[in-house]
Amino acid sequence: ERRALGCDRDGAYLNVVLRTRARPDDLPRLFGEVAELHAGHPSRWTVADTVPTDDLEKGLIGAGYAMGHVHDAQVVDVAGFRPRHSAIEVRRVVDEQTLRDCWEVKDAAFGPTERSEADVALELAACAAESASVQRFVAYLEGGPVCSGGINLYPHLEFGLLWGGGTVPHARGRGAYLATVNARLERAAQRSIPVVGLYARAETSSPIVTRLGFEACGRMTYF
C-alpha cells in the first residue's frame, strides 16, 4: 500500500509518497509505480517510524533516492502551552500582499517553488477565510517579511498540524520563528483544538519547539 501525490509541475511537495506499508518483496513494484507517477520531476518519499523502515530505506537508496532531512514528530497540549514573549508582528494571510510575503519568505528559507498567477486565487480561497481549515502566518521585522508558517486545523480529529515554518537566513536567531509558533497556537486555541503537532527538522526547528514545551513522539525522514 502507498499513498502518493503526482503533478505535472515540479515540486517535491507535489510529487511525493506520503505513506508506505508493504512487504519487502512488494517494494520493487512500488518503486516502479512511483517512478512512472513522478517521471521527469523531483520525487520525494517520506518515511515515518510508525512502520518498519529498514528494508524500505535500503530499497530507496538502491532506487536512486538519497536521505534528506530528518524530522522529529513533536506535539504539545494547547491549553498548557505558555507562549514566550515576542515583540515581532505576525499577520495572518488574508490578501494577495500577505500571501506574496509568505511566498517570498518560503522561497528564501527553503528554495524557490514554481507558481503561476492562478495560484494566488487558489491559495487565498484555501486560507483567507476566518473559518478556513488552512491558515498561514507571516512575521515582520524592520518592515519586511522574515518568517512564515502554516497550520491545518482538524476539529474532527481534535488536532492541528503545523507546517512550513521557516525564517529567511539574515533574520534567524531573532525570535521570528517563535512569534509564528505563538500565533498558530493562539489560532488553535481559538478554534478549540486541544493538541497541535509538527514534523520539526531535527537540526533546526526541533530544538526550538522542545524548549517551548513540545514533546517528541516519533521521527520522519525525507528521501
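Two residues are in contact when heavy atoms of one lie within 4.5 Å of heavy atoms of the other. This report uses that idea to describe a predicted model.

**Phe-214 and the main core**

Leaving out residues up to four places away in sequence, Phe-214 touches Gln-74, Val-75, Val-76, Phe-81, Leu-162, Val-181, Leu-185, Val-196, Leu-198 and Val-209. Phe-214 belongs to the largest nonpolar core, which has 30 residues. Within this core, Leu-185, Val-196 and Phe-214 touch the most other members. Strand 6, strand 7, helix 5 and strand 9 are the elements that give two or more residues to the core. Helix 5 supplies the largest share, eight residues. A second, separate core has eleven residues, and Val-17, Val-34, Leu-60 and Phe-223 are among them.

**Helix 5 and Leu-185**

Helix 5 runs over residues 176-190. Does its length agree or disagree with the expected span? At 1.5 Å a residue, its 15 residues should span 21 Å, and the C-alpha atoms at its ends are 21 Å apart, so the two agree.

Helix 5 is mostly covered, with twelve of its 15 residues buried. The buried residues include Ala-176, Tyr-177, Leu-178, Val-181 and Leu-185. Polar and charged names also occur in the buried list, including Thr-180, Asn-182, Arg-184 and Arg-187.

Leu-185 lies in helix 5. Leu-185 has a relative accessible area of 3%, so it counts as buried, the limit being under 20%. Apart from neighbours within four places in sequence, Leu-185 is in contact with Val-76, Val-78, Phe-81, Leu-162, Val-196 and Phe-214. Leu-185 and Glu-215 are 30 residues apart in sequence, and their C-alpha atoms are 15 Å apart in space.

**Two residues with positive phi**

Most residues other than glycine have a negative phi. Glu-142 has a positive phi, and Ser-192 also has a positive phi. The table gives their values and places.

| Residue | Phi | Loop | Relative accessible area |
|---|---|---|---|
| Glu-142 | near 55 degrees | between strand 6 (134-141) and strand 7 (144-154) | 71% |
| Ser-192 | near 60 degrees | between helix 5 (176-190) and strand 9 (195-201) | 62% |

Are these two residues buried or exposed? Glu-142 is exposed, because its relative accessible area of 71% is over 50%. Ser-192 is exposed too, because its value of 62% is over 50%. Ser-192 comes just after helix 5.

**Helix 3 against helix 4**

Helix 3 (residues 96-110) packs with helix 4 (residues 118-127) at an angle of about 105 degrees, and their axes are 10 Å apart. Angles from 65 to 115 degrees count as roughly perpendicular, so helix 3 is roughly perpendicular to helix 4. Which residues meet in this packing? From helix 3 they are Glu-96, Leu-99, Arg-100 and Trp-103, and from helix 4 they are Asp-119, Val-120, Glu-123 and Leu-124. By class, the contact has four nonpolar, no polar and four charged residues.

In an α-helix there are 3.6 residues a turn, so residues three or four places apart point the same way.

**Thr-221 in strand 10**

Thr-221 lies in strand 10, which covers residues 215-222. Its relative accessibility is 8%, under the 20% limit, so Thr-221 counts as buried. Without its neighbours within four places in sequence, Thr-221 is in contact with Trp-45, Thr-46, Val-47, Met-67, Gly-68, His-69 and Val-70.

Note on methods: Residues are numbered from 1 along each chain as its sequence is written. This is a predicted model: local features need pLDDT of at least 70, side-chain atom pairs count only at pLDDT 80 or more; totals for chains, interfaces and linings use all residues. Side-chain values use heavy atoms; hydrogens and water are left out. Helices (H or I, at least four residues) and strands (E, at least two) are DSSP runs, numbered from the N terminus. Buried means under 20% relative accessible area, exposed over 50%, partly exposed in between (1.4 Å probe, protein chains only). The expected span of a helix is 1.5 Å times one less than its number of residues. A nonpolar core is a set of buried Ala, Val, Leu, Ile, Met, Phe, Trp, Tyr and Cys residues joined through side-chain atoms within 4.5 Å. Axes are lines fitted to C-alpha atoms, for helices over the stretch in contact, and angles run from 0 to 180 degrees between N-to-C directions. Angles under 35 degrees count as roughly parallel, over 145 as roughly antiparallel, 65 to 115 as roughly perpendicular and the rest as oblique.
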